[in-house]
Amino acid sequence: MRGVITGREVVANLGLIYREFGTACVLRCLWVMLSGKSTTFLEVACPCEKLRQ
């Protein structure tokens with residue numbers, strides 16, 4: 001398990017991400033996918049600054 005999300009995983013699970021996490025999370029996932037950044041789903045789903053400290 002690598003922990004990073006891939007564009008293929010985002011596209012394959014777009015409906016699930018939308019249902020469980022909402023529009024904002026889908027948009028963040030798509031933004032990360034288009035920007036080419038390497039990140040985990042947790043960082044995208046919970047973008048709280050407190051979690052990163």
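Me: Is Phe41 buried, partly exposed or exposed?
Reply: Quick note: this is a predicted model, where local features need pLDDT of at least 70, side-chain atom pairs count only at pLDDT 80 or more, and totals for chains, interfaces and linings use all residues. Residues are numbered from 1 along each chain as its sequence is written, and side-chain values use heavy atoms, with hydrogens and water left out. Buried means under 20% relative accessible area and exposed over 50%, with partly exposed in between (1.4 Å probe, protein chains only). Phe41 has a relative accessible area of 22%, so call Phe41 partly exposed.

Me: What kind of aromatic pair do Phe21 and Phe41 make?
Reply: Rings of Phe, Tyr and Trp (its six-membered ring) pair if their centres lie within 6.5 Å; planes under 30 degrees apart are stacked, over 60 edge-to-face, the rest tilted. Here the centres of Phe21 and Phe41 sit 5.1 Å apart with the planes at 75°, so the pair is edge-to-face.

Me: How many residues apart are Phe21 and Phe41?
Reply: Helices are DSSP runs (H or I, at least four residues), numbered from the N terminus. Phe21 is in helix α2 (residues 14–21) and Phe41 in helix α4, so by that numbering the pair links distant parts of the chain, 20 residues apart.

Me: Which element gives the largest share of the largest nonpolar core?
Reply: A nonpolar core is a set of buried Ala, Val, Leu, Ile, Met, Phe, Trp, Tyr and Cys residues joined through side-chain atoms within 4.5 Å. The largest one has nine residues, including Ile5, Val32 and Val44. Both α3 (23–35) and α4 (41–45) give two or more, but the largest share, four residues, comes from α3.
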